[in-house]
Amino acid sequence: PAAVRLRGVSKRYANGTLAVEGLDLDIAAGSFVSLLGPSGCGKSTLLRMVAGLAPLSTGRIEWPGATPRLGFVFQEPTLMPWQTALDNVALPLKLAGMAQAERQRRAREMLALVGLSEAASSYPRELSGGMRMRVSIARALVTQPDLLLLDEPFAALDEITRFRLNNDLLRLWEAHRFTAVFVTHSVFESVYLSERVVVMAGGPGRLHADLPIPAPPR
Ligand code: ADP
Ligand code: ADP
């Protein structure tokens, strides 16, 4: 079944820029899909519309199952500088009204899953770029989202850190099987991570190709 269905979705910004035009797309529940395309092709706009962060100009987005819990990972980790890694990860739980002891327990568990137990009481400025991105992923996953949206999350990182984080993300997805939509302009990353690569090119927000990626032998 589809986790989300887009029908005739367009986006025209107030300045007249047509960023996405008449787009139809189904994303299967539990799948890992990449949106691949050059800068400016409308990937980010599309993802933000799915997240409800940007209104559609035309068309509709349908959630055939229950409305999912969403997690969003931005290119810039956008952590609270005055809060420790642990408190940053626990923040969505705090906003949801969870009791302190329980949210700290879950945040610790999540930090352990991204390999950052040691950094729990460090502040963002004390962490490397890769570590900050791990905190950001932990924060997005701590609410156990059904749908994780990632907007070029690793673009600012060096290649080795990036490759490690690709593997960590795959491990988390294999363990939790949330639906993942990963926006990237890296052909390598899209093919390495996902089961399906949707290529955007050839005009504003147009789908150019839709490629199943066979699972590699493990
Ligand atoms: P991508 O994520 O593929 O780089 P974007 O969705 O960011 O593409 O941008 C698609 C197009 O929309 C680009 O031409 C970009 O300049 C334009 N755009 C993005 N955000 C805005 C905005 N807030 N106002 C006006 N134009 C925008
Ligand atoms: P990654 O981002 O994959 O963790 P890095 O090259 O950024 O890799 O860092 C390698 C390791 O060095 C980190 O896992 C961490 O243990 C340590 N490290 C890097 N930067 C810092 C820092 N600013 N403070 C404390 N430890 C750090």
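Helices, here, are DSSP runs of H or I of at least four residues, numbered from the N terminus. With that in hand, the surroundings of ligand 2 in this predicted model can be described by element. Both α4 (129-141) and α5 (159-176) supply at least two residues of the shell around ligand 2. The largest share, three residues, comes from α4.

The shell itself consists of Glu126, Leu127, Ser128, Gly130, Met131, Arg134, Thr161 and Arg164. Sorted by class, these shell residues are two nonpolar, three polar and three charged.

Three atom pairs give the polar side of this site. A nitrogen atom of ligand 2 lies 2.7 Å from a polar backbone atom of Glu126. The other two pairs involve side chains: an oxygen atom of ligand 2 is 2.7 Å from an N or O atom in the side chain of Ser128, and an oxygen atom of ligand 2 is 2.6 Å from an N or O atom in the side chain of Arg164. As for cover, ligand 2 on its own has 530 Å² of accessible area, and the protein covers 47% of that.

The next topic is enclosed space. Rolling a probe the size of a water molecule over the atoms shows where empty space is left. In this structure there are two cavities of 30 Å³ or more.

The largest cavity holds about 60 Å³ of space. Its lining is made up of Val4, Leu6, Leu25, Ile27, Leu35, Leu46, Val50 and Val181. Two or more of the lining residues come from each of β1 (2-12), β2 (18-28) and α1 (43-50). By class the lining of the largest cavity has eight nonpolar residues, with no polar and no charged ones.

The second largest cavity, with a volume of about 40 Å³, leads back to the helices named at the start. Val114, Arg134, Ile137, Leu165, Asp168, Leu169 and Leu172 line this cavity. Here too α4 and α5 each supply at least two residues, but the largest share of the lining, four residues, comes from α5. The classes are five nonpolar, no polar and two charged.

Arg134 ties the two parts of this account together: Arg134 belongs to the shell around ligand 2 and also to the lining of the second largest cavity. The helices α4 and α5 likewise contribute to the ligand shell and to that cavity lining.

Definitions and conventions
Residues numbered from 1 in each chain as written. Chains lettered and ligands numbered in written order. Predicted model: local features only at pLDDT ≥ 70, side-chain atom pairs only at ≥ 80, totals over all residues. Heavy atoms only, no water. Near = heavy atom within 4 Å. Polar contact = N/O pair within 3.5 Å; in protein donor to acceptor, adjacent residues only side chain to side chain. Areas by Shrake-Rupley, 256 points an atom, 1.4 Å probe, with all protein chains shown as cover. Nonpolar A, V, L, I, M, F, W, Y, C, P; charged D, E, K, R; others polar. 1 Å grid on protein atoms, 1.4 Å probe; cavity = no way out; pocket = protein on both sides within 12 Å on 5 of 7 lines; lining within 4 Å. Points joined across faces, edges and corners; volume = space filled by probe spheres on them.
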